[in-house]
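Work through the following exercises with the sequence and the model side by side, trying each task before reading its solution.

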Amino acid sequence: MALVLFVVIVALVLGIIGVAAEGLAYLVVIGALVLLVDLVYAALRWRRTGRRPAR
């Protein structure tokens, strides 16, 4: 969970820097892609942990 939170924070920082700095709009795109990949990773991980058999 800490990794997911860290990657979300990195994506937000990249987006903020991309918006604030003129000419660095590609950082907004990179931040959005990182956020999207992280959300997919978190969803797959959450789905996988929900199906553990009871012992």
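**Exercise 1: The chain as a whole**

In this predicted model, buried residues account for 13% of the 55 residues in the protein chain. Determine how many helices and strands the protein chain has, and which atoms supply its exposed area.

Solution. The protein chain has two helices and zero strands. It exposes about 4700 Å², and carbon and sulfur atoms supply 74% of that area.

**Exercise 2: Helix α1**

Check the length of helix α1 against its number of residues, and then find which residues of α1 are buried.

Solution. Helix α1 covers residues 2-20, and at 1.5 Å a residue its 19 residues should span 27 Å, which agrees with the 27 Å between its end C-alpha atoms. Within α1, the residues Val4, Ala11, Gly15 and Gly18 are buried. They lie on the same side of α1, because they cover an arc of only 65 degrees around the axis. On the other side of α1, the exposed residues are Ala2, Leu5, Phe6, Ile16 and Ala20.

**Exercise 3: Valine 7**

Classify valine 7 as buried, partly exposed or exposed, and identify the residues that it touches beyond four places in sequence.

Solution. Valine 7 is found in helix α1. Its relative accessible area is 21%, and because buried means under 20%, valine 7 counts as partly exposed. Leaving out residues up to four places away in sequence, valine 7 touches Val34 and Asp38. The C-alpha atoms of valine 7 and aspartate 38 are separated by 6.8 Å, although these residues are 31 residues apart along the chain.

Note on methods:
Residues numbered from 1 in each chain as written. Predicted model: local features only at pLDDT ≥ 70, side-chain atom pairs only at ≥ 80, totals over all residues. Heavy atoms only, no water. Helix = DSSP H or I, 4+ residues; strand = E, 2+ residues; numbered from the N terminus. Expected span 1.5 Å × (residues − 1). Buried < 20%, exposed > 50% of the residue type's maximum accessible area, 1.4 Å probe, protein only. Arc of directions from axis to C-beta. Areas by Shrake-Rupley, 256 points an atom, 1.4 Å probe, with all protein chains shown as cover. Contact = heavy atoms within 4.5 Å.
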